[in-house]
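Biologist: I am new to this structure and would like a close look at a single part of it, taken slowly. Could you walk me through how the strands are arranged, and then add whatever helps me to place that part beside the rest?

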Amino acid sequence: MDRSRVRLVRTAAWILAACGLVLLGWSELFAHPQGTGFGDYQFFHHSWEAARVSWMVEGSPPLWNPFQCGGIPDWADPQAQFFHPLFFLSGVIGTTLALKTFLLLHALAGLLGMYALARNDGLSRLSSAFAASTWATSGFFAWHCGTGHGNFIAFYLAPWVLFFWRRAVEDLRFVAALAFVLSAVAFAGGAYAFPFFVLLLGFELFTLLVGRRPESPPRQRVLLTVITTAVLVACMAGLRLLPIVEYLAYFPRNVSGDDSLGPREFLWMLTRDDIHEPGVPVAGHPWVWTEYGAYIGWPAVLLGAVGAVHAVVTPGRRKLLLGALAFAVLTLGSGGPLSPWTLLHQLPVFDSLRVPSRFIVLFLLYFCLLAGRALDAWRRTPSPGAGGFRHESPFVWLRWAGPWFCVAWTVAHTVSHQRSVIDDTWNGRDVFAKYPSSEFFMAAMPRPWEPASQYPAPAYFPSANVGTGYCYTGMAYRPAPGLWGERTPQVRARGAGVVESWGRDTQSLWAVVRFDSPGRAIFNTTYAPGWATDTGTLTIDRGRVAVDLPAGRQRVRVAYAPALFPFALGLTCLGLVLCAIFALRASRWSKSLSSARALVAATLALAVVAWCYARAPRWAFERQHPAALLSRS
């Protein structure tokens, strides 16, 4: 058998083994195939189902979600996943199975990506498999992706970000792949993952520019890689990034981030395997154990520590150690006004991230590679028999069987830990309601003394055609205080008038009203920038969408049509075209791309894109907020 066929067989065997490991670890998802997930997964199931109703039933893009908050601009939510290509599986197998498939495919991508990264870093097959399985089945993914944080699924793409970055600085053809993965993170709802990956690439860029070695790529090529990637991502992910930029200006999310950990607690996160219940409070901290669990087990911790010592004495291998240390310090959180996390938390976007312990996923990325290096060093240790030990000495067994035992023990325990964490957490109520409402109404409203964000909207509300005034979203968004609940018409007339008929779909409402004198039609939906009317004058009434109308009988329709949507969609289409062209032509442009003119052109393109990101939200604001509306609001 020739080498290429052997390589193909090995690759197929590893992919099959990875599929088996993923299915074993996540088998709980299919104990109840239509069962929805625990905790925050109700929010994600709800979001997917609301988008399915809009996309598949009504044939319109899911820009507005009327089923929570009295209505919310869903396309602007950083956690939204319904523009991701895998979302359209929901039209074939339903949203519950589609979301579970989404999770499984990302878990498989994370496992394979970590293996590819480790092999690219020079690790052996066994050590690469060890690093990959330890990272991808760690407690971080078990707790976050298993018990509620559906937007953390995007963290599985971290190895591919690092892999394509390291290839791109050597060969610019990989820039398109790097940009595609980063854009996929944004479309996967990576509200945390995307800024974390920007920071990860910032660290890698810093080590390249500062720690120069003879074999390092030229600085010009490194800068060209950064700028070209930024341009392609800003374009391709425009459909996700632009509305987020716009709505962060409307509803800024400034949160405190003063949690901190000690070294002992940090070690505890990696080695504690005795908590199998989500929502368990952690003494002395504001968050539950879900935010701290990152179990990998003592063998992996000890191997990582040995790998760190080995990196200190091995030239050219200290980047892994520096990466592990940098993200370990950030994981420790607030350590005073000058601590790295405190300073980072002052920056835009990062000021909306509130849990520093989540940086442990990037620490583990480097730490598991260090553990793999220690495993390789262990396997390369000369046999003690050559130094005078008898051949049957136990040291010989330790030399050959020890690494295999560590791999088997770690994989068995991390997978067992994952299965224990998610046990009985995917049996929530089916998203398909048995008794859908013929007319939309608000089933529940926040009481005056309750926080509006107390309860997630049930996953089955969209298919039941039922809404709620409660909010459960990562945006700093609040429902209109004037909303009304129960089975009553969703349009009211104020003044000498009457509502003869009304109706709605997910993106619009209409009513036939008759006024004896000028009056106001009030719609039971929360106002947000982007609402427009086809007649009368749009206004705001106690936070609700309203239209001032003249006397007479008339049909009025209000629709959510954000001015930024066509521009953002066009930018994404342009980005896909540019990425495809770059991927196909980069090899032919290799000489021209190495010139200074290419760097200047890329810089100008980035300046244009940055200007669009700065100007487009302001343009949309002016277009959607006429002076008359602003004076009334």
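Modeller: In this predicted model, Trp531 stands opposite Tyr560 in strand β10, and in the same pairing Ala532 has Ala559 of β10 as its bridge partner. These two pairs belong to the contact between strand β7, residues 531-533, and β10, which run antiparallel and are joined by three bridges. β10, residues 552-560, is also joined to strand β5, residues 508-515, by eight bridges, and these two strands run antiparallel as well. In that second pairing, Phe515 stands opposite Gly552 of β10.

Taken together, these strands are part of an open sheet of four strands in the order β4-β5-β10-β7, with antiparallel pairing. The edges are held by β4, residues 497-504, and by β7, each of which has a single partner strand, so one side of each is left without a neighbour in the sheet. Neighbouring strands of this sheet are turned against each other by 20° on average, when direction is ignored. As background to such pairings, strands of a sheet pair through backbone hydrogen bonds, in either a parallel or an antiparallel way. In a regular strand, moreover, the side chains alternate between the two faces of the sheet.

Another open sheet of four strands can be set beside it, with the order β3-β6-β9-β8 and antiparallel pairing. Here β3, residues 491-494, and β8, residues 537-541, stand at the edges with a single partner strand each, so one side of each has no neighbour in the sheet. From one strand to the next, the twist in this sheet averages 30°. Within it, strand β6, residues 519-526, pairs with strand β9, residues 544-549, in the antiparallel sense over five bridges, and the bridge partner of Thr526 in β9 is Arg544.

Moving away from the sheets, the backbone at Asn465 deserves a look, since most residues other than glycine have a negative phi. Asn465 has a phi near 60°, a positive value in a residue other than glycine, and this residue lies in the loop between helix α18, residues 461-464, and strand β2, residues 466-468. With a relative accessibility of 24%, Asn465 counts as partly exposed. Val349 also has a positive phi, near 75°, and is a residue other than glycine; its place is in the loop between α15, residues 340-344, and α16, residues 360-380. Val349 counts as partly exposed, at 41% relative accessibility.

For the helical side of the model, one contact may serve as an example. Helix α8, residues 175-187, and helix α10, residues 219-236, pack at an angle of about 40° with their axes 9 Å apart, which makes α8 oblique to α10. The crossing in which α8 passes α10 is right-handed. The residues that α8 brings to this contact include Leu178, Phe180, Leu182 and Phe187, while those from α10 include Thr225, Leu232, Val233 and Met236. By character, the residues of the contact divide into ten nonpolar, four polar and no charged.

A last residue to place is Val57, which lies in helix α2, residues 41-58, and is exposed, with a relative accessible area of 57%. Between the C-alpha atoms of Val57 and Gly110, which are 53 residues apart along the chain, the separation is 33 Å.

Definitions and conventions: Residues are numbered from 1 along each chain as its sequence is written. This is a predicted model: local features need pLDDT of at least 70, side-chain atom pairs count only at pLDDT 80 or more; totals for chains, interfaces and linings use all residues. Side-chain values use heavy atoms; hydrogens and water are left out. Axes are lines fitted to C-alpha atoms, for helices over the stretch in contact, and angles run from 0 to 180 degrees between N-to-C directions. Angles under 35 degrees count as roughly parallel, over 145 as roughly antiparallel, 65 to 115 as roughly perpendicular and the rest as oblique. A crossing is left-handed if the near helix is turned anticlockwise from the far one by less than a right angle, and right-handed if clockwise. Contact means heavy atoms within 4.5 Å. Ala, Val, Leu, Ile, Met, Phe, Trp, Tyr, Cys and Pro count as nonpolar, Asp, Glu, Lys and Arg as charged, and the others, Gly among them, as polar. Buried means under 20% relative accessible area, exposed over 50%, partly exposed in between (1.4 Å probe, protein chains only). Two strands pair if DSSP finds at least two bridges between them.
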